[in-house]
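This report introduces a protein chain together with a ligand. It turns to the contact between two domains, then to the ligand and its surroundings.

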Amino acid sequence: MRVGILGGGQLARMMAEAGGPMGLSFQFLDPSAQACAGDLGALHVGPWDDPDGLELLAACDRVTCDFENVPAAVLADLAARTRVHPPPAAFAAAQDRLVEKRLLEQLGIPIAPVASVSTRPDLLAAVEEIGYPCVLKTRRLGYDGKGQAVLYSHEDLEPAWQALGGRDLILECFIDFKHECALTAVRSGDGEIRCYPLSRTVHQRGVLRLAAGMHQPPPALLEQAETSVSALLEHLDYVGCLSLEFFSTEDGLIANEYAPRPHNSAHWTIEGAVCSQFENHLRAVCGLPLGSTRRRGHSVMFNWLGDLPDAAAFLRVPGLAWHDYHKQPRPGRKLGHATLVADTLAELHAGLEAVRPLLDRETESLLEQLAL
Ligand code: AMP
């Protein structure tokens, strides 16, 4: 079976790594000639609506995405010519934070108080209603902490308004969370849903830095997360993997946003679960039986941003797996990750002690927040 992927970044690359052994071949469309998935399949370089590129994708048995901001018209066009999973409607909602929040709300999933902001008077009214601190975010194209600003007082309003382009924004209550977590689940074409263990996540300046499969989440927390994700998957008649990100508070989980694709918070499932999120995404997309989402031991994942540390030093640590995405270094860019897996918590702690001296100060200080 041939799978077409809109986007040729690291998610597409890891899908191809998972799909090769299942006999799948890949066609990628990406605007960049350096798209890193190109090592593992045919890469067509062109804009998202490139007619030749779309022709190549339409000729595939299935089409999926590694990028969630593919124009809706492109997905609709492809959906009329071949099987596209996840459904274009899942992308349309995820591409606009306001539509996304309203969808979550409609499904009874708790979200932070939020208001639509298109004008300066809207902003003043929203601040009046929500109070400080609050977060101003662009409705579209914000990711990894880009397109948002935390507001602490009236003095922050004008600079944030200017920086975010002064239109199509939302204002959201700042949530003083205990920690963040994400649930990844996969749904097959015949409606079967399998959830991965909850991932505990640590962000810094809006970017995911660390993730770990939670070994004993409080049952109420897990149930709330699984019920929320299942409601979303069913409402969207979704096929593939989806991750929903949450803030964990004293009063339970508050959903932030969902990603209609494999997600960074579940990269640890490559070594740390029986069937990884990438393999399960492809199994669902291709109409194959789903694999087990069961945890294998205990895992911690480290994201490498901006430059890659010395692989050889890390690979001396037993149970550590290395992923170099073959991308050109650029400040803040996700270039790879490492996952430490151990059979027992005691072995995980021993592994972390071996990893600790190899980490930069900032990453080491974040480890505490995983509360392992
Ligand atoms: P987002 O771009 O919405 O995924 O946000 C990226 C990260 O910024 C989140 O994972 C949080 O760490 C932080 N963040 C975003 N929105 C809020 C909020 N309303 N309250 C507190 N932290 C937030």
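In this predicted model, the side chains of Glu68 and Arg261 meet in a salt bridge, with a distance of 2.9 Å from N to O. Across the interface of domain 1 and domain 3, one salt bridge is found. The interface also holds six residue pairs in polar contact, with both residues of each pair at pLDDT 80 or more. On the side of domain 1 that touches domain 3, the elements giving two or more residues are α1 (10–19) and β4 (62–65). Of these, α1 gives the most, with seven residues. By residue type, this side of domain 1 divides into ten nonpolar, three polar and five charged residues.

The domain assignment of the protein chain places domain 1 at 2–84, domain 2 at 113–173 and domain 3 at 179–370. In the contact between domain 1 and domain 3, 18 residues come from domain 1 and 23 residues from domain 3. Between the C-alpha centres of domain 1 and domain 3 there is a distance of 23 Å. About 1700 Å² of area is buried between the two domains, and carbon and sulfur atoms give 68% of this area. On the side of domain 1, Gln10, Met14 and Glu68 lose the most area to domain 3; together they account for 30% of what that side buries. Glu68 is also a partner in the salt bridge with Arg261 described above.

Salt bridges also occur elsewhere in the model, and the count comes to 19. One of them joins Arg81 and Glu55, whose closest N and O atoms are 3.1 Å apart. This pair links distant parts of the chain, 26 residues apart: Arg81 is in the loop between α3 (72–79) and β5 (83–84), while Glu55 belongs to helix α2 (residues 51–58).

Which residues are the closest to the ligand? They are Gln148, Glu172, Ile175, Glu180 and Glu257, among 15 residues that surround the ligand. The table lists polar side-chain atoms, each with its distance from an oxygen atom of the ligand.

| Residue | Distance from its side-chain N or O atom to a ligand oxygen atom |
|---|---|
| Arg97 | 2.9 Å |
| Glu180 | 2.6 Å |
| Asn256 | 3.0 Å |

Glu180 thus appears both among the closest residues around the ligand and in the table, with a polar side-chain atom 2.6 Å from a ligand oxygen atom.

Key. Residues numbered from 1 in each chain as written. Predicted model: local features only at pLDDT ≥ 70, side-chain atom pairs only at ≥ 80, totals over all residues. Heavy atoms only, no water. Domains from an automatic or database assignment. Contact = heavy atoms within 4.5 Å. Buried area = accessible area lost by both parts, 1.4 Å probe. Salt bridge = Lys/Arg side-chain N within 4 Å of Asp/Glu carboxyl O. Polar contact = N/O pair within 3.5 Å; in protein donor to acceptor, adjacent residues only side chain to side chain. Helix = DSSP H or I, 4+ residues; strand = E, 2+ residues; numbered from the N terminus. Nonpolar A, V, L, I, M, F, W, Y, C, P; charged D, E, K, R; others polar. Near = heavy atom within 4 Å.
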